Amino acid sequence: MRWWSELKYVVKKLNRKRAERELQEEIDAHLEMETREKVADGLSREDARYAAQRAFGSVALATEASRAWWGFGMLEELSQDLRYGARMLMKQKGVTLIAVLSLALGIGANTALFSVVDAMLLKLLPVKDPQRLVLFQAQWGKNFSYGSYFGSTLEDPATGLTIGTSFPYQSYQLMREQLQKDSALSDLFAFGNVNFN
Amino acid sequence: MRKQKDKPIDMLQGTLDLLILRTLLFGPIHGHAIAKSIERTSQDVLRVDHGSLYPALQRLERRGLITAEWGTSENNRRARYYHLTAAGRKQLTTETGKWERLTEAIARILNPNREEA
């Protein structure tokens, strides 16, 4: 559970004042102990203090390097970067405005386009159990003719019959009438092109 | 003037952590005692800037390898005492093994004839 002990450590060090004070006290205690040792070796108090400081090196450096372990590391750097970014954006308001506007337009256009595509192509039809929908095709022989026909056709190579996607409205009406007696389908609907002027 | 071979050697990067862990194996002690112990047991060959000990202790504490508690020193001063944790003990074993393999390898490169002899 290394992350747990690390989290506990970081949370404890969130109290920066206390952490600073403790580190300072620790370093002071260290210097005092070293000084006493040198005094016991026969140095004057002043020389001993100086020797202790020399053995320790830079207190500022040690403090700074210790402090470096207290933070959240990457998270703290991230927040620094974000603040820096925000400051830079405020500094150059024109560039920021253009960037924000082009982002807004881009996102807006994409959203609009997507909602159309979603409604037309991606969403299932708003019916109960859409996976049970079936699509009817019409089949007719060579000597049959509609008169006028809107829709695509395709020849079935096995039977020689023509397969079409459209039905005349009268066929639809007949099929709906048939539906009343037939329990295999729960409902029937038709769709077609509508032209707007 | 001091002769070349008597000059203390500056610490290698990363060895300080290993030495601290090893020193704490004998029981909890404070920072000053750790510095003294490393100097004394290395017979003054290794020079540890006492100040560099404290960032290393923070690092080890953060990694959960040691824990610290305030206690009272020999001369009645408040001092922070460092203990080795179970994770620290494990780390010490791994790092010691790594260090031994490394020094062996370097010794073999520096003295290729010694093994044949």
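Select chain A: from the N terminus on, its elements run α-α-α-α-α-α-β-β-β-α, which amounts to 7 helices and 3 strands. Helices (H or I, at least four residues) and strands (E, at least two) are DSSP runs, numbered from the N terminus. The model is predicted, and local features need pLDDT of at least 70, side-chain atom pairs count only at pLDDT 80 or more, while totals for chains, interfaces and linings use all residues. Residues are numbered from 1 along each chain as its sequence is written, and chains are lettered from A and ligands numbered from 1 in the order in which they are written.

**The two chains**

Remain with chain A and colour by burial. Of its 197 residues, 7% are buried; a residue is buried if 20 or more other C-beta atoms lie within 10 Å of its own, exposed if 12 or fewer, and partly exposed in between, with C-beta atoms placed from the backbone. Two residues are in contact if their C-beta atoms, placed from the backbone, lie within 7 Å. Among contacts in chain A with a separation of 6 or more, 28% are between residues 24 or more positions apart.

Switch to chain B, where 4 helices and 5 strands are found in the order β-α-β-α-β-α-β-β-α from the N terminus on. Buried residues account for 26% of the 117 residues of chain B. Of the contacts in chain B between residues at least 6 apart in sequence, 52% join residues at least 24 apart.

**The interface**

Display both chains and select the residues that meet across them: 24 residues of chain A are in contact with 21 residues of chain B. On the side of chain A that touches chain B, helix H1 (2-12), H2, helix H3 (45-56) and helix H4 (59-67) of chain A each supply at least two residues. H2(A) provides the largest share of that side, 10 residues. By class, the side of chain A that touches chain B holds 12 nonpolar, 5 polar and 7 charged residues. Here Ala, Val, Leu, Ile, Met, Phe, Trp, Tyr, Cys and Pro count as nonpolar, Asp, Glu, Lys and Arg as charged, and the others, Gly among them, as polar.

Next, isolate H4(A) and H3(B). Their axes are 8 Å apart and the helices pack at an angle of about 10 degrees; axes are lines fitted to C-alpha atoms, for helices over the stretch in contact, and angles run from 0 to 180 degrees between N-to-C directions. H4(A) and H3(B) are therefore roughly parallel to each other. Angles under 35 degrees count as roughly parallel, over 145 as roughly antiparallel, 65 to 115 as roughly perpendicular and the rest as oblique. Show Ala62(A), Ala65(A) and Ser66(A) on H4(A), and Tyr54(B), Pro55(B) and Gln58(B) on H3(B), since these residues make the contact. They divide into 4 nonpolar, 2 polar and no charged residues.

**The largest nonpolar core**

A nonpolar core is a set of buried Ala, Val, Leu, Ile, Met, Phe, Trp, Tyr and Cys residues joined through C-beta atoms within 7 Å. Which members of the largest nonpolar core touch the most other members? Select Ile20(B), Leu53(B) and Leu57(B), which do so among its 20 residues. Helix H2 (16-40) of chain A and, in chain B, helix H1 (15-24), helix H2 (31-41), helix H3 (53-62) and strand E5 (78-84) each supply at least two residues of this core. H3(B) gives the most, 5 residues. Centre on Leu53(B): not counting residues up to four places away in sequence, Leu53(B) touches Gly31(B), Ile34(B), Ala35(B) and Val48(B).

**H1(B) against H4(B)**

Add helix H4 (residues 86-110) of chain B to H1(B); their axes come within 10 Å and cross at roughly 125 degrees. That angle makes H1(B) oblique to H4(B). Show Leu18(B), Leu21(B) and Arg22(B) of H1(B) with Gly88(B), Gln91(B), Leu92(B), Glu95(B) and Trp99(B) of H4(B), the residues that make the contact. This contact contains 4 nonpolar, 2 polar and 2 charged residues.

**Two last stops**

Is Ala86(B), in helix H4 of chain B, buried or exposed? Ala86(B) is exposed, with 9 other C-beta atoms within 10 Å. The C-alpha atoms of Ala86(B) and Gly64(B) are 9.0 Å apart, although the residues are 22 apart in sequence.

Finally, select Gly71(B) in strand E4 (residues 66-72) of chain B. Gly71(B) counts as partly exposed because 13 C-beta neighbours lie inside 10 Å. Beyond its neighbours within four places in sequence, Gly71(B) is in contact with Ala79(B) and Tyr81(B).
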